[in-house]
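I am keeping these notes as I look things up, one topic to an entry, for someone who has not met this structure before.

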Amino acid sequence: MNLDTRQPMIDNLGVLETAALLRELTAGLIGVAGFDEALDRLVRIARDAVPGVDCCGFTVLRAGEPAGVAASDPDRAELDDLRHGPDTPAMTAIRRREMIIAGGLADETRWPAWSERARALGVHGVISAPVDVDEQVIGAINLYAGSPEALTPRHQLTAMLLAEHAGLLLAAARDRERAASRAGEIDDSLLAEGVVGQAVGVIMTQRGCPAPEALRVLRSAASALDIPLREVAERLVLTVSRPRDN
């Protein structure tokens, strides 16, 4: 029998490439504290890891309104920017909450103005997939190709898995950013509080360090001694305020 085994090999290769992409995304975004930084890493990793994709962008929504873009190639960032008009593959994907594919932009009639700009920038194929966080669409990830034939059914599967995985990682990045913001507000409140602020000032003077570092030192001492932060602060202030014996 003369069976052609090339297609299963190609499919297996696509699965391995997609798995490698998702692992790289996880490694690249798992420790990122800021949402915008996570977006920037996401589009760069996707561009570099998906064969046949020349550039990648992300159209961002906040409260349902256009709120910016992230682009692996700044020269093509306008393709993701809804300020140039709402008739784009990304906005269609967001409105319909489904993946949008356009393999040949020369004959595309859904977004004539956008398609003309894309072709002028060397883009001839696009896949846009909506990205959800907590069941809310926060935008769309856009994969661009320089050739109409470059985007295959395998790219569609990759885009779908990429969007789902990106939603999870971006949700985690957003939560970390919010937690850091809340922690910063708590720190400001503590520093404004009498005895803790005084103790932080003592540590800053002794160590020559900024206030956030001094507060971390105070917290570390409270944790090591297993006593409340305020009590550690009171002990430190009391110690330094005692008159020294001559």
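Is Asp175 buried, partly exposed or exposed? I looked this up first, bearing in mind that the model is predicted, and I found Asp175 to be partly exposed, with a relative accessible area of 40%.

**Entry: salt bridges**

I then looked for the partner of Asp175, and I noted a salt bridge with Arg174 in which the closest N and O atoms are 3.5 Å apart. Arg174, for its part, counts as buried at 18% relative accessibility, because the cut-off for buried is under 20%.

I went on to Glu231, which forms a salt bridge with Arg235, the closest N and O atoms lying 2.8 Å apart. Both Glu231 and Arg235 belong to helix 8, residues 229–241, where they are four residues apart, or about one turn of the helix. I recorded Glu231 as partly exposed with a relative accessible area of 30%, and Arg235 as partly exposed with 46%. I also noted here that salt bridges with shared partners join Arg47, Asp48 and Asp73 into one network.

Within that network I looked up the pair of Asp48 and Arg47, whose side chains meet in a salt bridge at 2.9 Å, N to O. Asp48 is exposed, its relative accessible area being 58%. For the model I wrote down a count of 12 salt bridges, and I added the reminder that side chains of opposite charge can pair when their charged atoms come close.

**Entry: cysteines**

How many disulfides does the count come to? I found zero disulfides. Cys55 is in no disulfide, and the nearest cysteine sulfur, that of Cys56, is 7.8 Å away, which is too far for a bond, because a disulfide needs the two sulfur atoms within 2.5 Å. I checked the exposure of both residues as well: Cys55 is buried with a relative accessible area of 2%, and Cys56 counts as buried at 2% relative accessibility.

**Entry: Arg76**

Cys55 came up again when I turned to Arg76, which touches Asp54, Cys55, Leu121, Gly122 and Val123 when residues up to four places away in sequence are not counted. Arg76 is found in the loop between strand 2 (65–71) and helix 3. I also compared positions along the chain and in space, and I found that Arg76 and Arg117 are 41 residues apart in sequence and 9.5 Å apart from C-alpha to C-alpha.

**Entry: helix 3**

What covers the buried residues of helix 3? I first noted that helix 3, residues 89–96, is mostly covered, with six of its eight residues buried, namely Pro89, Ala90, Met91, Thr92, Ala93 and Ile94. Their cover includes strand 1 (55–62), strand 3 (100–102), helix 4 (112–120), strand 4 (125–133) and strand 5 (136–145). Just after helix 3, I noticed that Arg97 takes a positive phi of about 55 degrees.

**Entry: the largest pocket**

Last, I looked up the largest pocket, which has a volume of about 260 Å³. It is lined by 15 residues, of which Leu61, Arg62, Ile138, Arg174 and Arg178 are the closest to its centre. Strand 1, strand 5 and helix 5 (153–192) each supply at least two residues of this lining, and the largest share, five residues, comes from helix 5. By class, I entered nine nonpolar, two polar and four charged residues for the lining.

Key. Residues numbered from 1 in each chain as written. Predicted model: local features only at pLDDT ≥ 70, side-chain atom pairs only at ≥ 80, totals over all residues. Heavy atoms only, no water. Buried < 20%, exposed > 50% of the residue type's maximum accessible area, 1.4 Å probe, protein only. Contact = heavy atoms within 4.5 Å. Salt bridge = Lys/Arg side-chain N within 4 Å of Asp/Glu carboxyl O. 1 Å grid on protein atoms, 1.4 Å probe; cavity = no way out; pocket = protein on both sides within 12 Å on 5 of 7 lines; lining within 4 Å. Points joined across faces, edges and corners; volume = space filled by probe spheres on them. Nonpolar A, V, L, I, M, F, W, Y, C, P; charged D, E, K, R; others polar.
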